[in-house]
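Trainee: I should like to learn how to read the features of a protein model. May we work through one together?

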Amino acid sequence: MREPLKSPEWAHKMRSGRQGRAEPLGTAPAHAAAAERLTALIEGLGVRWLSGFLSLDHTRHLLEGGIHAERGSD
């Protein structure tokens with residue numbers, strides 16, 4: 001496993017930004033669709049990062065942008 005993934009710090013940063021802002025409204029199919037889109041984003045970015053096409057910082061930036069877009073925030 002690559003060094004940055006061995007540390008749970010990046011996951012903690014992502015979770016800490018979400019706490020207190022969860023929006024339980026919506027339907028199960030809408031939540032499932034959002035989960036599929038985010039999973040596809042993570043898988044695609046992971047492949048590009050592991051292949052050396054993206055830097056870790058840029059990968060994180062793109063992932064954060066995808067999460068913000070999915071949540072409907074800037």
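Mentor: Let us begin with the place where two helices meet. In this predicted model, Ala34, Arg37, Leu38, Leu41, Ile42, Leu45 and Trp49 of H3 are in contact with Leu56, Thr59, Leu62, Leu63, Gly66, Ile67 and Glu70 of H4.

Trainee: At what angle do H3 and H4 pack, and how far apart are their axes?

Mentor: In general, a pair of packed helices is described by the angle between the axes and by the distance between them. Here the angle between H3 and H4 is about 170 degrees, and the axes lie 10 Å apart. Angles over 145 degrees count as roughly antiparallel, so H3 and H4 are roughly antiparallel to each other.

Trainee: Which helices and strands does the protein chain have?

Mentor: The protein chain has four helices and zero strands. Along the sequence, the pattern reads α-α-α-α.

Trainee: Which elements have the lowest and the highest mean pLDDT?

Mentor: The general caution is that predicted coordinates should not be read in detail where pLDDT is low. In this chain, helix H1 (residues 3-6) has the lowest mean among the elements, at 60, whereas helix H4 (residues 56-71) has the highest, at 93. The average for the protein chain is 79, and 64% of the residues score at least 70.

Trainee: Is Thr59 buried or exposed?

Mentor: A residue counts as buried when its relative accessible area is under 20%. Thr59 has a value of 10%, and is therefore buried. Thr59 belongs to helix H4, and beyond its neighbours within four places in sequence it is in contact with Leu45, Trp49 and Leu54.

Trainee: How does His58 compare with the cut-offs for burial?

Mentor: His58 is also found in helix H4. Its relative accessible area is 37%, so His58 is classed as partly exposed. The C-alpha atoms of His58 and Leu45 are 9.7 Å apart in space, and the two residues are 13 apart in sequence.

Trainee: How many salt bridges does a search of the whole structure find?

Mentor: The search finds one. The side chains of Arg37 and Glu70 form a salt bridge, with 2.6 Å from N to O. This pair links distant parts of the chain, as Arg37 is in helix H3 (residues 28-50) and Glu70 is in helix H4, 33 residues apart. Arg37 is partly exposed at 45% relative accessibility, and Glu70 is partly exposed at 28%.

Trainee: What share of the contacts joins residues at least 24 apart in sequence?

Mentor: Among contacts between residues at least 6 apart in sequence, 48% join residues at least 24 apart.

Trainee: Finally, what can be said of burial and surface in the protein chain as a whole?

Mentor: Of the 74 residues in the protein chain, 12% are buried. The chain exposes about 5,900 Å², and carbon and sulfur atoms supply 60% of that area.

Methods:
Residues are numbered from 1 along each chain as its sequence is written. This is a predicted model: local features need pLDDT of at least 70, side-chain atom pairs count only at pLDDT 80 or more; totals for chains, interfaces and linings use all residues. Side-chain values use heavy atoms; hydrogens and water are left out. pLDDT is the predictor's confidence in each residue, from 0 to 100. Buried means under 20% relative accessible area, exposed over 50%, partly exposed in between (1.4 Å probe, protein chains only). Contact means heavy atoms within 4.5 Å. A salt bridge is a side-chain nitrogen of Lys or Arg within 4 Å of a carboxyl oxygen of Asp or Glu. Accessible areas come from the Shrake-Rupley method with a 1.4 Å probe; for residues, only the protein chains shown count as cover. Axes are lines fitted to C-alpha atoms, for helices over the stretch in contact, and angles run from 0 to 180 degrees between N-to-C directions. Angles under 35 degrees count as roughly parallel, over 145 as roughly antiparallel, 65 to 115 as roughly perpendicular and the rest as oblique.
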